[in-house]
Amino acid sequence: MRKITCDRLYPVAQPPIENGVVVVADDGLILQVGTAIDFDRSELEYHRGVIVPGFVNAHCHLELSHMKGKVPTGTGLIPFITSVVQQRSATSEMIAEAIRNADAEMYQNGIVAVGDISNTADTFARKAASPIRYYTFVEMFDFLQDDQAEHCFEQYHAVFEQLTLPPGHRKTCVPHAPYTVSPSLFAKIRTFNTGPQQTVSIHNQEMEAENALFRNKTGALIPFYEGFDLSLAHFSPIGAGSIHYALMHLDPDQRTLFVHNTLTTEEEARAAHAWSEHVYWATCPNANLYIENRLPDYAALGAAGARITIGTDSLTSNWQLSVLEEMKTIMRYQSFIPFDEILQWATLNGAHALGFAETLGSIEAGKRPGLNLLEMDAADPVLTNGTSVVRLV
């Protein structure tokens, strides 16, 4: 058992505690939360800085870790996707080693849970042995080709069946994005996911071309599809942004995690919340800058009451897998958002989005959230380039 104290403790589910103390069992279970005045100081393990719960990485592509540095920055999403398709292959040994290293990097960076996209079974062996808790989203797409929906569903369902869940882990079949999933494939995924509430992840509104396709069947996705010899002759636009197409085909009774949301407006976010009370939003700011050189409208999402979570995306589209670095980027470019709020995005909101909040996301007796020390000025909680994270539990 350890009695850990610091300059300021951020339980997240309650206000910060000056000179807070966390009593934690050897297995990581939080036994008590209090203040230093209530303890014998000789028993306390003191750390300068602030202590926060373990981070939740709500969106990652662990299986793409071997592509670090292979795709140039600032190209826009369509050239980025093309590069990923062209360069994704590698030897199984290279892929496995990169996955192990990326998983270890996330653990070292204080990440306790990950919402991870899988198109293949490449990450499954590592997940079975990892100390990180994973929610695996087996992602499906048929590029809006209704006649391919059955084949595509069976192809990715076979991947889904290969994942044996370690204790505490979860898995779901999910659609990739509005512009890559036909109504027929959406229906198959929705039918498969019926039952107890699950989380369904979907990439959302990352580029202008996505909205243009659904508003009036224009934009760069049309020649992109033609380049892969895929016809959109059957496709009819809906006269609205792509998120409205997703809302037409997703299940409002499941948790829905919209990912990226670079172009999502306040009105669209409000429409999503009116559609379901189980909506969450994942932001991956460094990936947004890497690919499109732009960020979501956080003020608009906040005005709509969006429950925002933080992801890292993949090493294909990022320089590292660190929730802390994502938080720094948000504070650097969106300094109106206070540290306490961004911390909630990085911890408790992510835990709720993945259905892990019963044990993760906040420092409370009875939970096993992990403990991170942020080496920063507790009196002025601003993340700087020099702010580092040390995993304590």
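Here are three short exercises, with worked solutions, on the predicted model shown above.

**Exercise 1. Find out how the radius of gyration of the protein compares with that of a compact globule.**

Let's start with the chain length: there are 393 residues, and a compact globule with that many would have a radius of gyration near 21 Å. Next, take the value for the protein, which is 21 Å, so the two agree. To add to the picture, the C-alpha trace spans about 75 × 40 × 40 Å along its principal axes, and the chain forms 13 helices and 15 strands. As for burial, 59% of the 393 residues count as buried.

**Exercise 2. Work out which parts of the chain the salt bridge between Glu358 and Arg133 links.**

First, check the distance: the closest N and O atoms of Glu358 and Arg133 are 3.0 Å apart, and the cut-off for a salt bridge is 4 Å. Now place the partners. Glu358 sits in the loop between helix H13 (339–353) and strand S14 (371–375), while Arg133 belongs to strand S8 (residues 133–140). The pair therefore links distant parts of the chain, 225 residues apart. Finally, look at accessibility: Glu358 is partly exposed at 47%, whereas Arg133, at 16%, is buried.

**Exercise 3. Decide whether Lys127 and Asp116 are buried or exposed, and say what their salt bridge ties together.**

Begin with the contact itself, where the closest N and O atoms are 2.8 Å apart. Lys127 lies in helix H3 (residues 124–129) and Asp116 in strand S7 (residues 111–118), so their pairing ties together parts 11 residues apart in sequence. Both Lys127 and Asp116 turn out to be buried.

Technical notes
Residues numbered from 1 in each chain as written. Predicted model: local features only at pLDDT ≥ 70, side-chain atom pairs only at ≥ 80, totals over all residues. Heavy atoms only, no water. Helix = DSSP H or I, 4+ residues; strand = E, 2+ residues; numbered from the N terminus. Rg over C-alpha atoms; globule rule 2.2 N^0.38 Å. Buried < 20%, exposed > 50% of the residue type's maximum accessible area, 1.4 Å probe, protein only. Salt bridge = Lys/Arg side-chain N within 4 Å of Asp/Glu carboxyl O.
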